[in-house]
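Colleague: Please take a close look at the surroundings of ligand 1. Some words on a few other places would help too.

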Amino acid sequence: MRQYWSAKAAHPDAILLFRMGDFYEIFFDDAKEAAPLLGITLTSRPAKDGRLPMCGVPHHAWQSYVGRLLKAGRKVAICDQTEPPMSGKLVAREVTRVLTPGTVLDDVYLDPSKSNWLVAAWSSGDESGLAACDVSTGEMQLCQLPTTGLTAELDRLQAAELLSPPDVERYRFDPARGRHRLRTLLGIHFLASIGAEGAPLAVGAAGVVLEYLEHNRVPLDPRSLRISTRSIESSMQLDAATLRNLEVGALFELCCRCVTPVGARCLRRWLWSPLRDPEAIELRLSAVAELTDAERLELAAALRGLGDLERLASRAASGLATPRELAQLCRALATLPAAKVCAGAGSALLLRQLAADLTEQPELVALLSRALVDDPPAQVSAAGAIRPGYDAQLDAIASASASAREWLAGLEAAERERTGIKSLKVGYNRVFGYYLEVSHSQAAGVPEHYIRKQTLTGGERYITPELKEREAVVLNADQDRAAREQEILAELGRRVAAVGRELLSTAAAIGQLDALASLAATAADCEWVRPLISSGRELNISGGRHPLVERSVGTGNFVANDTQLEPERGNMVVLTGPNMAGKSTYLRQVALIVLLAQCGSFVPARSARIGLVDRIFTRVGAHDDLAGGMSTFMVEMTETANILNHATPASLVVLDEVGRGTSTYDGLSIAQAVVEYLHDNPRLSCRTLFATHYHELTTLAERLPRVRNERVEVAEEGNQVSFLHKVVPGGADRSYGIHVAALAGLPSHLIARARQILAELESHRPLEPAAQQLGLDLQPGEAELRRELAAIELDQLSPLEALRKLYELRGLT
Ligand SMILES: Nc1ncnc2c1ncn2[C@@H]1O[C@H](COP(=O)(O)OP(=O)(O)OP(=O)(O)O)[C@@H](O)[C@H]1O
Ligand SMILES: [Mg+2]
């Protein structure tokens, strides 16, 4: 147990797998935590002080078990036996590997369509620094940003592993140290060369990442490391709530027709951080437009052979590639010229740029295909990877070994003939190696140069110097061969590393080409059109569709709808309509069209003109965050507050039934105040869609010039309601909630009773007329007072004006 404790002490935060015979055993608290995660039974064995909890996994299946622990976000240390077991003696053990979710390199643990980010984040007051490193591809992104944007950035990255305080402290956050580390690692003088001179917090975070990698002995080859500094201005921030509400994950599934994992990762990145630079968007749109059917198919066919060039190149450059992976790399590189021709054939600027980024590697391909056999082994240590004829030394070893074996095989016959001893045999045992054996009766005829080694009951055993020489050749040949193969493989790895940078930028270009082709394929399949991007504040969509709902109801069955938000003619819509009418669908569809357009994708609409949006905010549906200690209503209000605090006039705000999580009057009051606030505050006044069941809110359009009412239509025939899903001007007056409840299959006498209660309530009309009702919770002057207050631009006001304003406001009460 002493061995166990010393290993545990070195890696206190990891679950320790301790090799004992055919099992990896897990003890104590580790066992209690791991057993449920691994789905194995927790057992115990007697110990000095009570029983010792433990569980174990068979050693040959450790990878899949470790995978489950990593998926659960845990760190794993593997303590192996480092010498063969001998009875009566304690075997030596050592921690041989530490695996963490953000630093694993083995393919078995990596999702090919996702970047595997190890992220360090640090905040200092209003500013935060962030460094994200994907060790499997050698990419590192630095970003310094306002602390308010940190959570959204972390949501976007979906880190496999996050180092934040208190971990960060353990790995020493220190900008000066980080700067020093980066400089020495990259061999650069000025951080400006990676665009990081004005980002000390990000540089400090990068230092933490590098420190952590070193601590866990993760190899990082500076030649395959690509560091860039990201500005959050360049892309749209989407917070976790918005990513979830809009089902960006499902959108990715719909759009992803990538033929390489690099492409899938690239597309995922695009969808999770849409662009804000109109030129960059146009570049992508033109490329997508150009990839028509024939070209797309040709490009996809050329790209298909490229596999995961990024991870292959990165592993090869770090010396981790197996012979099989080197052969894959070789085959991938061999298909590059075709891809380059395809991509370069078009006239779209981005396609031609990307084609130019594809660097062909004819020498490397020639070298690798000369060096490696057609189907090399998957293990680094296995022999037989190198093609005969490639290396003279290896061939010499092989032929010497072959001729020695041949000589040994022919020895028995040759010696029998030479000596005339019929009983002479050649044998082999572990202690003596090869020997010649002659029976006692014929021992007298043995030649002089035979050296006697052993006398047995049946005969005598001899060796000769030549026999021992040949034996040494055979026995050493295997070792020599393995050693020489390793040398050759290492040299091949160095040759790959020498062009590592080119390979990785080639891979990055492949990823983009693949993502563009994928978007083009989706556009063609789903009949999407190219959007027009403008620098204005309008949003004009005709015949817009929700890409995911459309797929689920069937293309012909989806009712397309128009959207018109313009600063002059009203850019806020209060949307009412019965349950199940399609309000939420409509809201999400508008947001998704904007998101897709700014990723450079075509959009599901007949036409779309979109004034650039800086952020999409959504508040949709009810969910709670019990783990985070928030009730449903608290989550709703927190998300709403986030929107009101961070939206700008260029944002798109989508609010679905804000206020529904509380009592009717409270909810209605909050909903109305939110619309007023968004309308009146000059810092906001952004494009807004607000769906609600509070029909009272439709009166706002009379007072607030930029608010318009729209409703989703239903057709009513007798007791039957059919949903038309068509958005038309005007407000709705009924919810048809009971009708929907009936459709959902609630018992018929319950439905009858509900209709009765509704009739009673409606006869009392506690919520009507609207004018009275709206004032219910707010004192008459209060709403106006609030609006006035919100409209004051504090930083524009002189002290005297402020005083005057105060008097004015008091007059309102
Ligand atoms: N434009 C459309 N064309 C066809 N079907 C639609 C359309 N919009 C919505 N639907 C269908 O109606 C269902 C309900 O839509 P949605 O959830 O948007 O209604 P809602 O008005 O938000 O209802 P609630 O008030 O209960 O939240 C969708 O799941 C979809 O099947
Ligand atoms: Mg809804």
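Modeller: Helices (H or I, at least four residues) and strands (E, at least two) are DSSP runs, numbered from the N terminus. This is a predicted model, in which local features need pLDDT of at least 70 and side-chain atom pairs count only at pLDDT 80 or more, while totals for chains, interfaces and linings use all residues. Residues are numbered from 1 along each chain as its sequence is written, chains are lettered from A and ligands numbered from 1 in the order in which they are written, and side-chain values use heavy atoms, with hydrogens and water left out.

Ligand 1 has 16 residues around it, and Met580, Lys583, Ser584, Thr585 and His693 come nearest; a residue is near if one of its heavy atoms lies within 4 Å. By type, this shell holds 7 nonpolar, 7 polar and 2 charged residues. Helix H21 (547-553) and helix H22 (583-599) each supply at least two of the shell residues, and H22 gives the most, with 3.

Oxygen atoms of the ligand meet both backbone and side chain. A polar backbone atom of Met580 is 2.8 Å from an oxygen atom of ligand 1, and a polar backbone atom of Ala581 is 3.3 Å from an oxygen atom of the ligand. From His693, a polar side-chain atom lies 2.9 Å from a ligand oxygen. On its own, ligand 1 has 630 Å² of accessible area (Shrake-Rupley method, 1.4 Å probe), of which the protein covers 78%.

Now to the other places. Leu803, in helix H30 (residues 799-812), forms a nonpolar surface patch of about 350 Å² with Leu806 and Tyr807. Patch members have over 30% relative accessible area and no salt bridge (a side-chain nitrogen of Lys or Arg within 4 Å of a carboxyl oxygen of Asp or Glu), and nonpolar side chains are joined within 5 Å. Leu803 has a relative accessible area of 47%, so it counts as partly exposed (buried is under 20%, exposed over 50%, partly exposed in between).

Glu139, in strand E9 (residues 139-146), is buried because its relative accessibility is 12%. Its side chain joins that of Arg269 in a polar contact of 3.0 Å (N or O atoms within 3.5 Å, one able to donate a hydrogen and the other to accept it).

Most residues other than glycine have a negative phi. Glu527, in the loop between helix H20 (500-526) and strand E16 (532-534), has a positive phi near 55°. Glu527 is exposed, at 58% relative accessible area. For His725, in strand E25 (residues 720-729), phi is also positive, near 60°. His725 is partly exposed, at 33%.

Technical notes:
Nonpolar A, V, L, I, M, F, W, Y, C, P; charged D, E, K, R; others polar. Patch = residues over 30% accessible without salt bridge, like charges linked within 9 Å, V, L, I, M, F, W, Y side chains within 5 Å. Buried < 20%, exposed > 50% of the residue type's maximum accessible area, 1.4 Å probe, protein only.
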